[in-house]
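Welcome! Please take a moment with the sequence and the model below, and then we can walk through them together.

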Amino acid sequence: MSNRDDRRQFLKVGSIAAAVSVAGNALAQDAAQQQNQPLPEDPKAPEPVGQPNAAPDLPEGTEVEAEMEGFSRFKPSRGNDPDSPYYLGKMMPGFRPAAAGPAPFEAPDLTKLPWKMVDGVKEFHLVPQAVQREFLPGYFMNVYGYNGSMPGPTIEVNQGDRVRIVVTNELPEDTFVHWHGFELPVQYDGAATLTQNPIKPGGTMVYEFDVHEEGTFFYHSHVAMQEAFGQVGWFIVHPRKVFNPPVDRDFGLIFQNFHIDPTQTVSDSWAMDWSWHTINGRSGPLTTPMVCKHGERVRVRLLNFAPMQHHPIHLHGHTFWVTGHEGARAPSTAWIPRNNSLVGVAQATDFEFIANNPGDWIFHCHMIHHMMNHMVRQVGPRIRENVNVDRYRADTTTRPAVDFTRQGPAWDTPGYPQKMQGMERTMAQMQRLWQRRETRGMRANYPMAVKGLMTVMRVLPDDLYRLVMESDQPVEKGAVFAEIVRRFGDPERYQDAPPM
Ligand SMILES: [Cu+2]
(Lines give C-alpha, C1' and ligand atoms only; values in the text may rest on other atoms or scores of the structure.)
Protein backbone atom coordinates (compact mmCIF):
# COMPACT_ATOMS: atom_id res chain seq x y z
CA MET A 1 0.00 0.00 0.00
CA SER A 2 1.39 3.43 -0.84
CA ASN A 3 1.84 6.17 1.70
CA ARG A 4 -1.16 8.03 0.33
CA ASP A 5 -3.38 4.97 0.43
CA ASP A 6 -2.37 4.57 4.05
CA ARG A 7 -3.50 8.09 4.75
CA ARG A 8 -6.81 7.54 3.03
CA GLN A 9 -7.26 4.46 5.13
CA PHE A 10 -6.50 6.39 8.29
CA LEU A 11 -8.81 9.25 7.46
CA LYS A 12 -11.62 6.87 6.63
CA VAL A 13 -11.19 5.28 10.03
CA GLY A 14 -11.14 8.75 11.57
CA SER A 15 -14.47 9.70 10.04
CA ILE A 16 -16.12 6.53 11.27
CA ALA A 17 -14.88 7.38 14.74
CA ALA A 18 -16.47 10.83 14.54
CA ALA A 19 -19.72 9.47 13.16
CA VAL A 20 -20.30 7.01 15.95
CA SER A 21 -18.91 9.35 18.63
CA VAL A 22 -16.26 6.93 19.77
CA ALA A 23 -13.10 8.44 21.25
CA GLY A 24 -10.86 8.46 18.20
CA ASN A 25 -7.69 7.43 19.97
CA ALA A 26 -7.87 3.64 19.82
CA LEU A 27 -8.90 3.66 16.18
CA ALA A 28 -6.21 6.15 15.30
CA GLN A 29 -3.64 3.87 16.91
CA ASP A 30 -4.90 0.95 14.84
CA ALA A 31 -4.49 3.10 11.77
CA ALA A 32 -0.93 3.96 12.83
CA GLN A 33 -0.10 0.27 12.96
CA GLN A 34 -1.66 -0.32 9.55
CA GLN A 35 0.54 2.44 8.18
CA ASN A 36 3.75 0.69 9.17
CA GLN A 37 4.94 0.25 5.59
CA PRO A 38 8.36 0.75 4.01
CA LEU A 39 9.02 4.20 2.54
CA PRO A 40 9.96 4.92 -1.04
CA GLU A 41 13.70 5.49 -1.21
CA ASP A 42 15.37 8.65 -2.48
CA PRO A 43 19.16 8.51 -2.44
CA LYS A 44 19.44 12.31 -2.07
CA ALA A 45 16.90 12.69 0.70
CA PRO A 46 18.12 13.02 4.28
CA GLU A 47 17.71 9.95 6.44
CA PRO A 48 14.26 9.45 7.95
CA VAL A 49 13.89 11.18 11.31
CA GLY A 50 11.43 11.02 14.19
CA GLN A 51 9.30 7.91 14.10
CA PRO A 52 9.22 7.12 10.40
CA ASN A 53 5.73 6.22 9.20
CA ALA A 54 4.06 7.60 12.33
CA ALA A 55 0.42 8.34 11.52
CA PRO A 56 -1.38 11.43 12.80
CA ASP A 57 -2.79 10.62 16.18
CA LEU A 58 -4.77 12.25 18.97
CA PRO A 59 -2.81 12.85 22.17
CA GLU A 60 -3.33 10.43 25.06
CA GLY A 61 -6.41 11.18 27.15
CA THR A 62 -7.83 13.90 24.92
CA GLU A 63 -11.57 14.26 24.52
CA VAL A 64 -11.43 16.03 21.20
CA GLU A 65 -12.07 14.29 17.92
CA ALA A 66 -10.00 13.84 14.80
CA GLU A 67 -12.83 14.79 12.49
CA MET A 68 -16.06 16.73 12.90
CA GLU A 69 -18.76 16.99 10.29
CA GLY A 70 -16.39 16.36 7.44
CA PHE A 71 -13.56 18.59 8.67
CA SER A 72 -10.40 16.79 9.69
CA ARG A 73 -7.78 18.24 12.01
CA PHE A 74 -5.23 16.00 10.33
CA LYS A 75 -5.68 16.75 6.64
CA PRO A 76 -6.72 19.68 4.48
CA SER A 77 -10.50 19.60 4.35
CA ARG A 78 -13.46 21.94 4.21
CA GLY A 79 -16.27 20.19 6.06
CA ASN A 80 -19.62 19.24 4.65
CA ASP A 81 -21.66 22.39 5.07
CA PRO A 82 -20.69 26.08 5.33
CA ASP A 83 -23.38 26.47 8.00
CA SER A 84 -21.85 23.76 10.17
CA PRO A 85 -20.00 25.05 13.24
CA TYR A 86 -17.09 22.86 12.14
CA TYR A 87 -16.85 24.13 8.57
CA LEU A 88 -13.15 24.85 7.98
CA GLY A 89 -12.59 23.95 11.61
CA LYS A 90 -14.40 27.07 12.76
CA MET A 91 -15.39 25.83 16.22
CA MET A 92 -13.09 22.82 16.39
CA PRO A 93 -11.24 22.97 19.72
CA GLY A 94 -7.52 22.46 20.13
CA PHE A 95 -6.07 19.69 22.28
CA ARG A 96 -5.67 21.98 25.28
CA PRO A 97 -8.77 21.80 27.50
CA ALA A 98 -10.38 25.09 28.54
CA ALA A 99 -9.85 24.02 32.17
CA ALA A 100 -6.09 24.38 31.64
CA GLY A 101 -6.57 28.13 31.21
CA PRO A 102 -5.54 30.24 28.23
CA ALA A 103 -2.58 29.07 26.18
CA PRO A 104 0.49 31.15 27.05
CA PHE A 105 1.07 34.05 24.70
CA GLU A 106 4.24 33.78 22.64
CA ALA A 107 5.75 36.59 20.60
CA PRO A 108 8.79 35.17 18.79
CA ASP A 109 11.99 37.18 19.37
CA LEU A 110 10.41 39.22 22.19
CA THR A 111 10.52 38.82 25.96
CA LYS A 112 7.83 39.42 28.56
CA LEU A 113 7.92 42.30 31.00
CA PRO A 114 8.23 40.83 34.52
CA TRP A 115 5.87 41.98 37.25
CA LYS A 116 5.47 41.63 40.97
CA MET A 117 2.32 41.76 43.04
CA VAL A 118 2.32 44.86 45.24
CA ASP A 119 -0.73 45.32 47.48
CA GLY A 120 -2.96 43.37 45.11
CA VAL A 121 -1.76 45.24 42.04
CA LYS A 122 0.39 43.79 39.23
CA GLU A 123 3.31 46.21 39.09
CA PHE A 124 5.42 46.58 35.97
CA HIS A 125 8.47 48.77 35.32
CA LEU A 126 8.70 50.09 31.80
CA VAL A 127 11.73 52.04 30.59
CA PRO A 128 11.50 54.00 27.31
CA GLN A 129 15.01 54.20 25.90
CA ALA A 130 17.14 54.28 22.78
CA VAL A 131 18.08 50.72 21.89
CA GLN A 132 19.99 48.85 19.26
CA ARG A 133 18.11 46.11 17.45
CA GLU A 134 19.60 43.54 15.13
CA PHE A 135 17.16 43.53 12.18
CA LEU A 136 19.19 40.95 10.27
CA PRO A 137 22.39 39.16 11.28
CA GLY A 138 25.00 41.90 11.56
CA TYR A 139 22.57 44.75 10.78
CA PHE A 140 22.17 46.69 14.01
CA MET A 141 19.75 49.59 13.84
CA ASN A 142 19.44 52.46 16.27
CA VAL A 143 15.82 52.68 17.23
CA TYR A 144 13.63 53.59 20.17
CA GLY A 145 12.13 50.91 22.36
CA TYR A 146 11.56 49.85 25.94
CA ASN A 147 13.71 47.93 28.43
CA GLY A 148 16.41 47.22 25.87
CA SER A 149 14.08 45.89 23.21
CA MET A 150 12.25 47.11 20.09
CA PRO A 151 9.37 46.38 20.13
CA GLY A 152 9.18 46.57 23.90
CA PRO A 153 8.62 43.51 26.08
CA THR A 154 5.12 42.07 26.25
CA ILE A 155 2.81 42.99 29.10
CA GLU A 156 0.58 39.97 29.73
CA VAL A 157 -2.25 40.10 32.28
CA ASN A 158 -5.65 38.62 33.00
CA GLN A 159 -9.01 40.26 32.67
CA GLY A 160 -9.94 41.76 36.03
CA ASP A 161 -6.36 42.54 37.08
CA ARG A 162 -5.41 45.92 38.40
CA VAL A 163 -2.12 47.05 36.89
CA ARG A 164 0.44 49.65 37.89
CA ILE A 165 3.02 50.58 35.30
CA VAL A 166 5.92 52.66 36.53
CA VAL A 167 7.43 54.42 33.53
CA THR A 168 10.93 55.85 33.89
CA ASN A 169 12.06 57.83 30.87
CA GLU A 170 15.62 57.13 29.72
CA LEU A 171 15.13 58.80 26.35
CA PRO A 172 16.98 62.06 25.70
CA GLU A 173 13.58 63.73 25.21
CA ASP A 174 10.07 63.91 26.66
CA THR A 175 7.76 60.96 26.25
CA PHE A 176 4.23 59.71 27.04
CA VAL A 177 2.90 56.15 27.07
CA HIS A 178 -0.52 55.39 25.67
CA TRP A 179 -2.33 52.13 26.56
CA HIS A 180 -4.02 51.54 23.25
CA GLY A 181 -7.63 50.44 23.43
CA PHE A 182 -8.09 50.50 27.19
CA GLU A 183 -11.13 52.13 28.73
CA LEU A 184 -9.26 53.72 31.61
CA PRO A 185 -9.36 56.91 33.68
CA VAL A 186 -8.45 59.79 31.38
CA GLN A 187 -5.45 60.91 33.43
CA TYR A 188 -3.68 57.64 32.51
CA ASP A 189 -4.46 57.72 28.80
CA GLY A 190 -1.02 59.04 27.86
CA ALA A 191 -2.40 61.17 25.03
CA ALA A 192 0.47 63.64 25.33
CA THR A 193 -0.30 66.97 26.95
CA LEU A 194 -4.04 66.55 26.38
CA THR A 195 -4.09 64.32 29.46
CA GLN A 196 -0.76 64.63 31.29
CA ASN A 197 2.50 66.51 31.53
CA PRO A 198 5.48 65.11 29.67
CA ILE A 199 7.62 62.50 31.34
CA LYS A 200 10.91 64.37 31.24
CA PRO A 201 14.23 62.61 30.58
CA GLY A 202 15.06 60.86 33.85
CA GLY A 203 11.51 61.44 35.11
CA THR A 204 8.98 58.85 36.27
CA MET A 205 5.23 58.55 35.95
CA VAL A 206 2.95 55.93 37.48
CA TYR A 207 -0.03 54.69 35.47
CA GLU A 208 -2.57 52.57 37.38
CA PHE A 209 -5.91 51.19 36.27
CA ASP A 210 -8.31 48.23 36.36
CA VAL A 211 -8.36 46.03 33.28
CA HIS A 212 -11.94 45.02 32.68
CA GLU A 213 -11.41 44.19 28.99
CA GLU A 214 -9.96 41.10 27.37
CA GLY A 215 -8.18 40.88 24.05
CA THR A 216 -5.35 42.09 21.89
CA PHE A 217 -4.00 45.45 23.02
CA PHE A 218 -0.71 47.29 22.83
CA TYR A 219 1.13 50.21 24.33
CA HIS A 220 3.05 52.87 22.46
CA SER A 221 4.56 56.29 22.77
CA HIS A 222 2.14 59.08 21.93
CA VAL A 223 4.85 61.11 20.18
CA ALA A 224 4.57 60.43 16.46
CA MET A 225 8.28 60.37 15.75
CA GLN A 226 8.93 58.00 18.65
CA GLU A 227 6.28 55.67 17.26
CA ALA A 228 8.00 55.78 13.88
CA PHE A 229 11.25 54.90 15.66
CA GLY A 230 9.67 51.76 17.01
CA GLN A 231 8.12 52.51 20.40
CA VAL A 232 5.42 49.90 20.75
CA GLY A 233 4.79 46.66 22.64
CA TRP A 234 2.10 44.05 23.21
CA PHE A 235 -0.41 44.36 26.06
CA ILE A 236 -2.25 41.05 26.03
CA VAL A 237 -5.25 40.49 28.29
CA HIS A 238 -6.40 36.89 28.70
CA PRO A 239 -10.15 36.51 29.21
CA ARG A 240 -11.57 35.35 32.53
CA LYS A 241 -13.35 32.58 30.66
CA VAL A 242 -11.15 30.97 28.02
CA PHE A 243 -12.31 31.87 24.53
CA ASN A 244 -14.28 29.12 22.87
CA PRO A 245 -12.96 27.06 21.19
CA PRO A 246 -9.72 26.88 23.17
CA VAL A 247 -6.43 27.18 21.27
CA ASP A 248 -3.14 25.35 21.80
CA ARG A 249 -0.95 28.21 20.58
CA ASP A 250 -1.25 31.95 20.94
CA PHE A 251 1.36 33.75 18.83
CA GLY A 252 1.83 37.50 18.44
CA LEU A 253 3.55 39.36 15.59
CA ILE A 254 4.13 43.12 15.40
CA PHE A 255 4.74 44.34 11.85
CA GLN A 256 6.74 47.58 11.43
CA ASN A 257 8.34 49.54 8.62
CA PHE A 258 11.31 51.89 8.72
CA HIS A 259 13.08 54.03 6.19
CA ILE A 260 16.79 53.56 6.76
CA ASP A 261 19.11 54.77 4.03
CA PRO A 262 22.06 52.66 2.90
CA THR A 263 24.93 52.83 5.38
CA GLN A 264 22.63 54.47 7.94
CA THR A 265 21.31 52.97 11.15
CA VAL A 266 18.75 55.62 12.05
CA SER A 267 15.31 55.72 10.52
CA ASP A 268 14.20 58.74 8.50
CA SER A 269 10.73 59.23 9.91
CA TRP A 270 10.08 61.97 7.35
CA ALA A 271 10.24 59.51 4.45
CA MET A 272 7.07 58.40 2.70
CA ASP A 273 8.81 55.26 1.55
CA TRP A 274 9.99 52.36 3.67
CA SER A 275 13.07 50.28 3.13
CA TRP A 276 13.27 48.02 6.18
CA HIS A 277 10.54 45.74 7.40
CA THR A 278 10.41 43.96 10.72
CA ILE A 279 8.27 41.38 12.49
CA ASN A 280 8.84 41.61 16.24
CA GLY A 281 11.94 43.64 15.44
CA ARG A 282 13.47 41.12 13.01
CA SER A 283 13.52 41.02 9.24
CA GLY A 284 13.10 37.74 7.39
CA PRO A 285 14.92 35.36 7.60
CA LEU A 286 15.88 36.41 11.13
CA THR A 287 12.17 36.27 11.99
CA THR A 288 11.96 33.17 14.16
CA PRO A 289 9.47 30.61 12.84
CA MET A 290 6.33 29.81 14.80
CA VAL A 291 6.18 26.08 15.49
CA CYS A 292 3.04 24.13 16.27
CA LYS A 293 1.89 20.52 16.22
CA HIS A 294 -0.17 18.88 13.53
CA GLY A 295 -3.83 18.99 14.54
CA GLU A 296 -3.56 21.86 17.00
CA ARG A 297 -5.72 24.96 17.00
CA VAL A 298 -3.51 27.99 16.54
CA ARG A 299 -4.11 31.69 17.11
CA VAL A 300 -1.92 34.38 15.60
CA ARG A 301 -2.45 37.96 16.74
CA LEU A 302 -1.01 40.43 14.32
CA LEU A 303 -0.49 44.12 14.95
CA ASN A 304 0.32 46.49 12.12
CA PHE A 305 2.42 49.26 13.64
CA ALA A 306 3.71 50.60 10.34
CA PRO A 307 3.72 54.39 10.12
CA MET A 308 1.60 54.45 6.95
CA GLN A 309 1.49 51.09 5.22
CA HIS A 310 -1.20 48.48 5.33
CA HIS A 311 -0.41 44.79 5.23
CA PRO A 312 -2.40 42.09 3.43
CA ILE A 313 -1.52 39.11 5.60
CA HIS A 314 -1.31 35.75 3.95
CA LEU A 315 -0.85 32.23 5.33
CA HIS A 316 -0.03 29.39 2.96
CA GLY A 317 -1.55 25.92 3.08
CA HIS A 318 -4.40 26.78 5.45
CA THR A 319 -7.58 28.79 5.67
CA PHE A 320 -7.91 30.85 8.83
CA TRP A 321 -10.85 32.43 10.59
CA VAL A 322 -10.66 36.11 11.50
CA THR A 323 -11.92 35.87 15.09
CA GLY A 324 -11.40 39.40 16.33
CA HIS A 325 -9.57 42.68 16.03
CA GLU A 326 -7.89 45.12 18.36
CA GLY A 327 -11.35 46.22 19.51
CA ALA A 328 -12.54 42.90 20.86
CA ARG A 329 -13.17 39.24 20.22
CA ALA A 330 -15.83 39.06 17.52
CA PRO A 331 -18.92 36.91 18.05
CA SER A 332 -18.42 33.69 16.09
CA THR A 333 -21.34 34.60 13.81
CA ALA A 334 -19.16 37.43 12.47
CA TRP A 335 -16.04 35.38 11.80
CA ILE A 336 -14.84 35.28 8.23
CA PRO A 337 -12.70 32.59 6.61
CA ARG A 338 -9.76 33.96 4.67
CA ASN A 339 -6.28 33.13 3.58
CA ASN A 340 -5.38 36.79 3.13
CA SER A 341 -6.60 39.60 5.35
CA LEU A 342 -5.79 43.27 5.26
CA VAL A 343 -4.54 44.74 8.53
CA GLY A 344 -4.51 48.54 8.53
CA VAL A 345 -2.25 50.87 10.47
CA ALA A 346 -2.65 50.53 14.26
CA GLN A 347 -5.09 47.69 13.75
CA ALA A 348 -4.66 44.22 15.15
CA THR A 349 -6.30 41.08 13.82
CA ASP A 350 -6.64 37.67 15.45
CA PHE A 351 -6.44 34.67 13.13
CA GLU A 352 -7.34 31.13 14.15
CA PHE A 353 -6.99 27.89 12.26
CA ILE A 354 -6.56 24.17 12.70
CA ALA A 355 -3.02 23.23 11.71
CA ASN A 356 -4.10 20.29 9.58
CA ASN A 357 -1.49 20.48 6.84
CA PRO A 358 2.05 19.55 7.95
CA GLY A 359 4.98 21.50 6.55
CA ASP A 360 6.84 24.80 6.65
CA TRP A 361 4.31 27.40 5.54
CA ILE A 362 5.22 30.95 4.76
CA PHE A 363 3.26 33.60 6.64
CA HIS A 364 3.76 37.03 5.18
CA CYS A 365 2.62 40.45 4.10
CA HIS A 366 1.57 40.26 0.45
CA MET A 367 2.56 43.82 -0.47
CA ILE A 368 5.26 43.28 -3.05
CA HIS A 369 7.37 46.08 -1.63
CA HIS A 370 7.19 44.54 1.82
CA MET A 371 8.45 41.14 0.77
CA MET A 372 12.04 42.23 0.87
CA ASN A 373 14.05 45.08 2.32
CA HIS A 374 15.30 47.92 0.12
CA MET A 375 12.53 47.65 -2.46
CA VAL A 376 12.77 51.39 -2.88
CA ARG A 377 14.21 53.62 -5.52
CA GLN A 378 16.71 55.23 -3.15
CA VAL A 379 18.65 52.03 -2.87
CA GLY A 380 20.61 50.07 -5.42
CA PRO A 381 22.37 50.95 -8.70
CA ARG A 382 20.17 53.95 -9.47
CA ILE A 383 21.78 56.02 -6.77
CA ARG A 384 25.25 54.69 -7.30
CA GLU A 385 27.80 56.88 -8.93
CA ASN A 386 27.89 56.79 -12.75
CA VAL A 387 25.17 54.22 -12.95
CA ASN A 388 22.09 55.02 -14.95
CA VAL A 389 19.45 52.37 -15.43
CA ASP A 390 18.15 54.03 -18.60
CA ARG A 391 21.11 52.88 -20.65
CA TYR A 392 20.09 49.30 -19.99
CA ARG A 393 16.47 49.99 -20.79
CA ALA A 394 17.12 51.85 -24.03
CA ASP A 395 18.28 48.87 -26.02
CA THR A 396 17.65 45.39 -24.79
CA THR A 397 19.91 43.79 -27.39
CA THR A 398 23.05 45.44 -26.04
CA ARG A 399 22.15 45.00 -22.40
CA PRO A 400 25.16 43.57 -20.57
CA ALA A 401 24.83 39.93 -19.68
CA VAL A 402 24.04 39.10 -16.12
CA ASP A 403 26.88 37.37 -14.35
CA PHE A 404 25.16 34.44 -12.74
CA THR A 405 28.43 33.27 -11.23
CA ARG A 406 27.84 36.07 -8.75
CA GLN A 407 31.44 37.19 -8.99
CA GLY A 408 33.00 40.44 -10.07
CA PRO A 409 31.37 43.80 -10.73
CA ALA A 410 28.70 42.39 -13.07
CA TRP A 411 27.21 40.65 -10.09
CA ASP A 412 24.94 43.67 -9.80
CA THR A 413 22.23 42.72 -12.26
CA PRO A 414 22.02 45.63 -14.71
CA GLY A 415 18.69 47.31 -15.02
CA TYR A 416 17.42 46.33 -11.63
CA PRO A 417 17.10 49.15 -9.15
CA GLN A 418 17.45 46.81 -6.20
CA LYS A 419 19.81 44.10 -5.29
CA MET A 420 17.44 41.42 -6.47
CA GLN A 421 19.98 38.72 -5.82
CA GLY A 422 19.38 38.81 -2.10
CA MET A 423 21.80 39.77 0.59
CA GLU A 424 25.30 38.52 0.90
CA ARG A 425 25.79 36.80 4.20
CA THR A 426 28.87 35.59 5.97
CA MET A 427 29.18 32.12 7.43
CA ALA A 428 28.76 33.58 10.92
CA GLN A 429 25.56 35.34 9.84
CA MET A 430 24.23 32.13 8.36
CA GLN A 431 25.04 30.29 11.55
CA ARG A 432 23.08 32.89 13.46
CA LEU A 433 20.01 31.90 11.43
CA TRP A 434 20.50 28.20 12.03
CA GLN A 435 21.34 28.49 15.71
CA ARG A 436 17.67 28.80 16.50
CA ARG A 437 15.98 25.59 17.53
CA GLU A 438 12.88 26.62 15.58
CA THR A 439 14.72 26.29 12.25
CA ARG A 440 16.00 22.74 12.78
CA GLY A 441 15.38 20.44 9.83
CA MET A 442 14.17 23.17 7.45
CA ARG A 443 15.40 23.12 3.86
CA ALA A 444 19.02 24.27 3.52
CA ASN A 445 18.15 27.28 1.38
CA TYR A 446 15.04 28.38 3.27
CA PRO A 447 16.66 31.75 4.18
CA MET A 448 16.52 32.76 0.50
CA ALA A 449 12.72 32.54 0.63
CA VAL A 450 11.99 34.43 3.82
CA LYS A 451 12.64 38.16 3.49
CA GLY A 452 11.25 41.45 4.75
CA LEU A 453 7.81 40.97 6.29
CA MET A 454 7.90 37.21 6.12
CA THR A 455 8.05 34.48 8.68
CA VAL A 456 7.21 30.77 8.75
CA MET A 457 4.51 28.70 10.43
CA ARG A 458 5.85 25.20 10.94
CA VAL A 459 3.21 22.51 11.37
CA LEU A 460 4.97 19.40 12.65
CA PRO A 461 3.69 15.92 13.47
CA ASP A 462 4.04 15.21 17.18
CA ASP A 463 7.26 13.17 16.92
CA LEU A 464 8.94 15.76 14.67
CA TYR A 465 7.81 18.57 16.95
CA ARG A 466 9.49 16.83 19.87
CA LEU A 467 12.60 16.24 17.80
CA VAL A 468 12.85 19.89 16.76
CA MET A 469 11.66 21.69 19.87
CA GLU A 470 12.44 19.36 22.76
CA SER A 471 15.35 17.07 21.88
CA ASP A 472 19.05 17.79 21.58
CA GLN A 473 19.47 15.19 18.88
CA PRO A 474 21.22 16.73 15.85
CA VAL A 475 18.87 17.31 12.93
CA GLU A 476 20.24 17.53 9.42
CA LYS A 477 19.12 20.51 7.34
CA GLY A 478 16.10 19.50 5.30
CA ALA A 479 15.50 16.29 7.27
CA VAL A 480 12.20 17.38 8.77
CA PHE A 481 10.97 18.71 5.45
CA ALA A 482 11.90 15.46 3.69
CA GLU A 483 10.19 13.44 6.37
CA ILE A 484 6.98 15.43 5.89
CA VAL A 485 7.19 14.88 2.13
CA ARG A 486 7.59 11.16 2.79
CA ARG A 487 4.56 11.01 5.00
CA PHE A 488 2.20 13.51 3.44
CA GLY A 489 3.43 14.29 -0.04
CA ASP A 490 4.70 12.57 -3.13
CA PRO A 491 8.14 11.26 -2.15
CA GLU A 492 8.88 10.27 -5.74
CA ARG A 493 8.90 13.99 -6.64
CA TYR A 494 10.99 15.05 -3.65
CA GLN A 495 13.47 17.84 -4.42
CA ASP A 496 16.70 18.10 -2.48
CA ALA A 497 17.83 21.62 -1.59
CA PRO A 498 21.32 22.66 -2.76
CA PRO A 499 23.52 23.38 0.25
CA MET A 500 24.03 27.12 0.88
CU1 LIG B 1 2.99 45.01 4.20
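Is Asp210 buried, exposed or partly exposed, going by the other C-beta atoms within 10 Å? A residue needs 20 or more such neighbours to count as buried, and 12 or fewer to count as exposed. Asp210 has 14 other C-beta atoms within 10 Å, so Asp210 is partly exposed. Keep in mind throughout that this is a predicted model.

Asp210 belongs to strand β11, which makes it a good doorway into a sheet. Follow the strands across and you will read the order β4-β5-β9-β11: 4 strands in an open sheet, with mixed pairing. The edges are formed by β4 (115-118) and β11 (204-210), each of which pairs on one side only. On average, neighbouring strands here are turned by 25° against each other, with direction ignored. In general, strands of a sheet pair through backbone hydrogen bonds, either parallel or antiparallel. Inside this sheet, strand β5 (residues 121-126) and strand β9 (residues 162-168) run parallel and are joined by 5 bridges. If you look for Phe124, you will find Ile165 of β9 standing opposite. The chain also brings Asp210 and Asp161 together in space: they are 49 residues apart along the chain, while their C-alpha atoms are separated by 6.1 Å.

Next, let us visit some loops. Between β4 and β5 sits Asp119, whose phi is positive, about 50°, although Asp119 is not a glycine. Asp119 counts as exposed because it has 7 C-beta neighbours inside 10 Å. Glu69 has a positive phi too, near 45°, and is likewise a residue other than glycine. You can find Glu69 in the loop between β1 (67-68) and β2 (71-72). With 17 other C-beta atoms within 10 Å, Glu69 is partly exposed.

Two prolines deserve a stop as well. Where is Pro151 found? Look in the loop between β7 (139-146) and β8 (155-158). A cis peptide bond joins Met150 to Pro151, with omega about -5°. Another cis peptide bond links Asn244 and Pro245, where omega is also about -5°. Pro245 lies in the loop between β13 (232-238) and β14 (249-258).

Now for the interior. The largest nonpolar core holds 84 residues, and those touching the most other members are Phe235, Ile254, Phe255, Leu302, Val468 and Val480. Which helix gives the most to this core? That is α7 (residues 479-488), which supplies 7 residues. The core also draws at least three residues from each of domain 1 (3-38 + 55-92) and domain 2 (105-370). Apart from this core there is a second, separate one of 15 residues, including Leu136, Met141, Leu171 and Ala228.

Helix α7 is worth a closer look. It is mostly covered, with 10 of its 10 residues buried. Among the buried residues are Val480, Phe481 and Ile484, along with Glu483, Arg486 and Arg487. Val480 shows how parts of the chain meet here: leaving aside neighbours within four places in sequence, Val480 is in contact with Val49, Arg440, Gly441, Met442, Leu460, Leu464, Val468 and Val475. One of these contacts, Val468, is also among the residues that touch the most other members of the largest nonpolar core.

Technical notes: Residues numbered from 1 in each chain as written. Predicted model: local features only at pLDDT ≥ 70, side-chain atom pairs only at ≥ 80, totals over all residues. Core = buried A, V, L, I, M, F, W, Y, C linked by C-beta atoms within 7 Å. Domains from an automatic or database assignment. Contact = placed C-beta atoms within 7 Å. Pairing = 2+ DSSP bridges. Axes fitted to C-alpha atoms, helices over the stretch in contact; angles between N-to-C directions.
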